[in-house]
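Reader: Hi! Could you walk me through this one before I set anything up?
Author: Happy to, let's look together.

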Amino acid sequence: MLKTRMTELMGIKYPIIQGGMGWLGLAELVAAVSNAGGLGVLGSATHPDPEDLREEIRKVKKLTDKPFGVNIVMLPAIRELPNDGFVQVICEEGVPVVETAAGKPGKYIDALKRANVKIMHKVGSVQHARNAQKLGYDAVEVVGFESAGFPLPDDVTMWNLIPRIVDAVDIPVSAAGGTTDYRQLTAALALGADSVTCGTVFMATKECAAHSNLKQRLVEANEYDTVMIQRTINNQTRVFKNELALKVLEMEARKAPFEELVTMISGERGRRVYFEGDVDYGTISCGQGVGLIKDIPTVKEVIDRMVAGAEKLLKRLSS
Ligand SMILES: Cc1cc2nc3c(=O)[nH]c(=O)nc-3n(C[C@H](O)[C@H](O)[C@H](O)COP(=O)(O)O)c2cc1C
């Protein structure tokens, strides 16, 4: 019932993608998503070098024989990412899918296509979606106001962005943001999307490597518990409203020097946040869908609940 152009393209059972996640998009989580019928995507940005990523890719291959992907972040970063090496390893290891975000989306297309990798790009506007299609991407993922990650500064919501982009391109479209349960999955499909791409909901699963302190905070949070930071440096990102995020907002309001800000927003703080459970120490990507997280299930439970709920809802709506 939930067959879409995206399930066909990616060779997956259900139209649910776990978007790449810095620090947390590790083999166990990725394989659990793919084994449950979705598409798991490894993060690359927090791997120190291409060989480290290769090891993680091999771990995934040991844990699943289903399709999976790797995320490549092309944003300007404090630490220059070894993306050329990451892409080389991806091609050598025969990774089925690559998800790119930001930057110059054309850079690796030829190499990835030569290696038969399916490619999808995160987009925040109609113009970016059309450009990705023209460049030869196989699919796009729509990032809107409520999404974790890097929505554009124009604050357009998924409710409007999904149908606009669905109308603008012919390739499959995934709704990448704000989806936690079956009602949002159904709504995304009704708006014309071919799948959803989720991050926040997978942070609060048993297979995610995040510290239990963070998972508990996500369960307790509601839809007011995220904020957009880094607007003043043209790098806006939606994060969990913890002490650090509020401090960053205060620094931005008083126009603190960039050098001071950088020490607060550095991704290097992630290790302590995610693995030692010091939840207020660093920034944590988080979407507004966090308000619907009520427990810490397995990945399979998350996906089964979404699929069963959506199928039931679609039946009810069509009767
Ligand atoms: C903890 C975390 C880390 C993330 N890291 C990345 C990343 O490294 N690269 C990327 O393209 N997107 C990243 N994202 C965004 C996700 O891939 C996905 O697009 C987003 O989470 C979907 O929105 P949602 O969280 O509202 O479901 C991250 C999201 C989370 C929650």
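Author: We can go through the domains, the ligand shell and some helix pairs; keep in mind that this is a predicted model.

Reader: Sounds good. Which residue ranges belong to domain 1 and domain 2?
Author: The domain assignment gives 5-209 + 298-318 for domain 1, and 212-276 for domain 2.

Reader: And how many Å apart are their C-alpha centres?
Author: The C-alpha centres of domain 1 and domain 2 are 23 Å apart. Domain 1 puts 14 residues into the contact, and domain 2 puts in 13 residues.

Reader: What classes of residue does domain 1 use on the side that touches domain 2?
Author: On that side domain 1 has 10 nonpolar residues, 4 polar ones and no charged ones.

Reader: Switching to the ligand. How many residues surround the ligand, and which are the closest?
Author: There are 27 residues around the ligand. The closest are Gly 19, Ala 101, Ala 148, Gly 199 and Gly 287.

Reader: How does that shell divide by class?
Author: The shell around the ligand holds 16 polar, 10 nonpolar and 1 charged residues.

Reader: Nice. Which strands and which helix supply at least two residues of the shell?
Author: Strand E3 (68-73) and strand E8 (195-198) each do, and helix H9 (200-203) does too.

Reader: Now helix packing. Where do H8 and H14 sit in the numbering, and at what angle do they cross?
Author: H8 covers residues 182-190 and H14 covers residues 299-318. Their axes come within 8 Å and cross at roughly 60 degrees, so H8 and H14 are oblique to each other. The crossing of H8 and H14 is right-handed.

Reader: Which residues make that contact?
Author: From H8 you have Tyr 182, Arg 183, Leu 185 and Thr 186. H14 answers with Arg 305, Met 306, Gly 309, Ala 310, Leu 313 and Leu 314. By class, the contact of H8 with H14 has 6 nonpolar, 2 polar and 2 charged residues.

Reader: What about H6 and H7, is their crossing left-handed or right-handed?
Author: Right-handed. The axes of H6 (residues 126-135) and H7 (residues 158-168) come within 9 Å, crossing at roughly 35 degrees. Val 126, Ala 129 and Arg 130 of H6 meet Arg 164, Ile 165 and Ala 168 of H7. That contact of H6 with H7 has 4 nonpolar and 2 charged residues, and no polar ones.

Reader: One last pair: how do H3 and H4 cross?
Author: H3 (residues 50-63) and H4 (residues 83-92) have axes that come within 9 Å and cross at roughly 30 degrees. H3 passes H4 in a right-handed crossing.

Reader: Which residues meet there?
Author: Pro 50, Leu 53, Arg 54 and Ile 57 in H3 meet Gly 85, Phe 86, Gln 88 and Val 89 in H4. The contact of H3 with H4 divides into 5 nonpolar, 2 polar and 1 charged.

Conventions: Residues numbered from 1 in each chain as written. Predicted model: local features only at pLDDT ≥ 70, side-chain atom pairs only at ≥ 80, totals over all residues. Domains from an automatic or database assignment. Contact = placed C-beta atoms within 7 Å. Nonpolar A, V, L, I, M, F, W, Y, C, P; charged D, E, K, R; others polar. Near = placed C-beta within 6 Å. Helix = DSSP H or I, 4+ residues; strand = E, 2+ residues; numbered from the N terminus. Axes fitted to C-alpha atoms, helices over the stretch in contact; angles between N-to-C directions. Left-handed = near helix turned anticlockwise from the far one by under 90°. Parallel < 35°, antiparallel > 145°, perpendicular 65-115°, else oblique.
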